[in-house]
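Here is a short report for a newcomer to this structure. Take a look at the model, then read on.

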Amino acid sequence: MTDGMLPDFLDDGVVTAWTASGAPLVDLLRRAHAPGRLTGFRRGGRAAVLVTAPRHVHQVLGVGGDRYVKRSHRARPLLGDGMITATGEAWRSQRRLLQAMFTGRGIQRWEHHLAEAAARVVDRWAERARRGAPTDIAEDVQFFTVDTIWRSLTDRPLDRETYVDLAAVQDIVAALPTDVGGATALPPEVGSAIAALDERILRALADARVRHGGGGTGAGSRESGPAGPGVLDRLLDAAETDPAYTDRLIRDELVTLLVAGYESSARTLTWAFVLLDAHPEVMERAAGDARAVEAVLSETLRLYPTGWLLPRHSPADETLDGWAIPAGTDLLVCPYLTHRDPEVWPEPETFDPGRFPARSPLPPGAYLPFGIGPRACLGTRFAMREMEVLLGALLSRFTVETTGPVGEPVFGINLRPAGPLHARVRERT
């Protein structure tokens, strides 16, 4: 390096430097990708480094701490100051408040919600099977995941009107910029969807206050669900002692949990059925086998991690695996490419649930569908459990055959299949 600029440390050919414009970001990253190496480039005038090798991923996300941070978050127009977009002490405080409810034994309190929400989908499929009518799997699993997170937030089942408002989040998410540093303003056409979502969330907040005796009555006076206080109750309790928990922050936390709680799980379940339809022998093995269901989901998340790109930013000069990372550099951690590293995953494009559980420990940073390190997804266990409950219930009772083309992957702020997934379901005999 002579002046600290990014191209100087790329010139010796060990790392490829190139400039491209006009192509989708995923295409640029695929072209730049060199397994095992850091890849530097410029996009929109900004220096960036593609990070895919497990050891580099581990250094950035696992042990990087506060050295590699989130820059202005692409989802801030939707999530506000919720836990995903928060940084520093605000993030630490928000995470401490909620982590016990979504990790370890805490998720046991949601088992009745998961079972009741899954039963609704099973009943829907049974009715479709009786009539020989097709169903849209993408819609069915989305209703389930919205239902489970709504029950967990409010201790109330999801009604159709509320679902319409909450499911509009998918259109808002689709409008968010894919690229790190992209525009933060949402298109005007999604403004009404955000307004409807906000109205629904604030109405739930007001109802909860009435249900629990009004504001300022103290945590001890609140009614609780059968497994203890729900998420909204916990946030309302926090508001009584912490002035940071305004109605706006509570709204931001609820929307954050809603988006994180249903988007990833719904997309993963849809991808799982896409893969199972192409591998009916795997579908048969998974019917009634909880361990096989878990393996199917783990392999689905390997091939199609919904958080396919995890941007970070280096606010100061750093060194990564011996290479200088100048201040101001974006680091693009790409689980989609990491999960296709042939050194870790033989025949990486092949759907093979037999990879899980791994026969030997995976290298740190090799598998990160929910992220790794201090900012790993808070709801990992909740998400896995809800997907296991629904997929297990459906596969043990029904066979599934798609009746239309499967949409291509869409690499937006998340990774999702385009369009519906129409299928015919039949009761097992």
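The report covers a helix contact, a small sheet, the cavities and two backbone features.

This is a predicted model.

**Two helices that cross**

Start with helix 11 (residues 247-278) and helix 13 (residues 290-303). Their axes come within 9 Å and cross at roughly 100 degrees. Angles of 65 to 115 degrees count as roughly perpendicular, so helix 11 is roughly perpendicular to helix 13. Helix 11 brings Thr268, Leu269, Trp271, Ala272, Leu275 and Leu276 to the contact. Helix 13 answers with Val296, Leu297, Thr300, Leu301 and Leu303. By class, this contact has nine nonpolar and two polar residues. Charged residues are absent from it.

**A three-stranded sheet**

Next comes an open sheet of three strands. The order is 4-12-9, and the pairing is antiparallel. Strand 4 (135-136) and strand 9 (398-402) are the edge strands. Each of them pairs on one side only. Strand 4 joins strand 12 (residues 422-427) over two bridges, in the antiparallel sense. One residue pair can be named here: Thr135 has Ala423 of strand 12 as its bridge partner.

**Cavities**

How many cavities of 30 Å³ or more does the structure hold? There are two. The second largest cavity contains about 30 Å³ of space. Its lining is made up of His33, Pro35, Thr52, Ala53, Leu337, Thr338 and Asp341. By class, the lining of the second largest cavity has three nonpolar, three polar and one charged residues.

**Two backbone features**

Most residues other than glycine have a negative phi, and most peptide bonds are trans. Two places in this model depart from that pattern, as the table shows.

| Site | Feature | Value | Location |
|---|---|---|---|
| Phe356 and Pro357 | cis peptide bond | omega about -5 degrees | Pro357: loop between helix 14 (335-338) and helix 15 (380-397) |
| Asp155 | positive phi | phi about 60 degrees | loop between helix 6 (137-154) and helix 7 (160-167) |

A cis peptide bond joins Phe356 and Pro357. Pro357 lies in the loop between helix 14 and helix 15. Asp155 is not a glycine, yet its phi is positive. Asp155 sits in the loop between helix 6 and helix 7.

Technical notes. Residues are numbered from 1 along each chain as its sequence is written. This is a predicted model: local features need pLDDT of at least 70, side-chain atom pairs count only at pLDDT 80 or more; totals for chains, interfaces and linings use all residues. Side-chain values use heavy atoms; hydrogens and water are left out. Axes are lines fitted to C-alpha atoms, for helices over the stretch in contact, and angles run from 0 to 180 degrees between N-to-C directions. Helices (H or I, at least four residues) and strands (E, at least two) are DSSP runs, numbered from the N terminus. Angles under 35 degrees count as roughly parallel, over 145 as roughly antiparallel, 65 to 115 as roughly perpendicular and the rest as oblique. Contact means heavy atoms within 4.5 Å. Ala, Val, Leu, Ile, Met, Phe, Trp, Tyr, Cys and Pro count as nonpolar, Asp, Glu, Lys and Arg as charged, and the others, Gly among them, as polar. On a 1 Å grid over the protein atoms alone, a cavity is a set of points where a 1.4 Å probe fits but cannot get out, and a pocket is an open set with protein on both sides within 12 Å along at least five of seven lines; lining residues have an atom within 4 Å of a point. Grid points are joined across faces, edges and corners, and a volume is the space filled by probe spheres set on the points. Two strands pair if DSSP finds at least two bridges between them.
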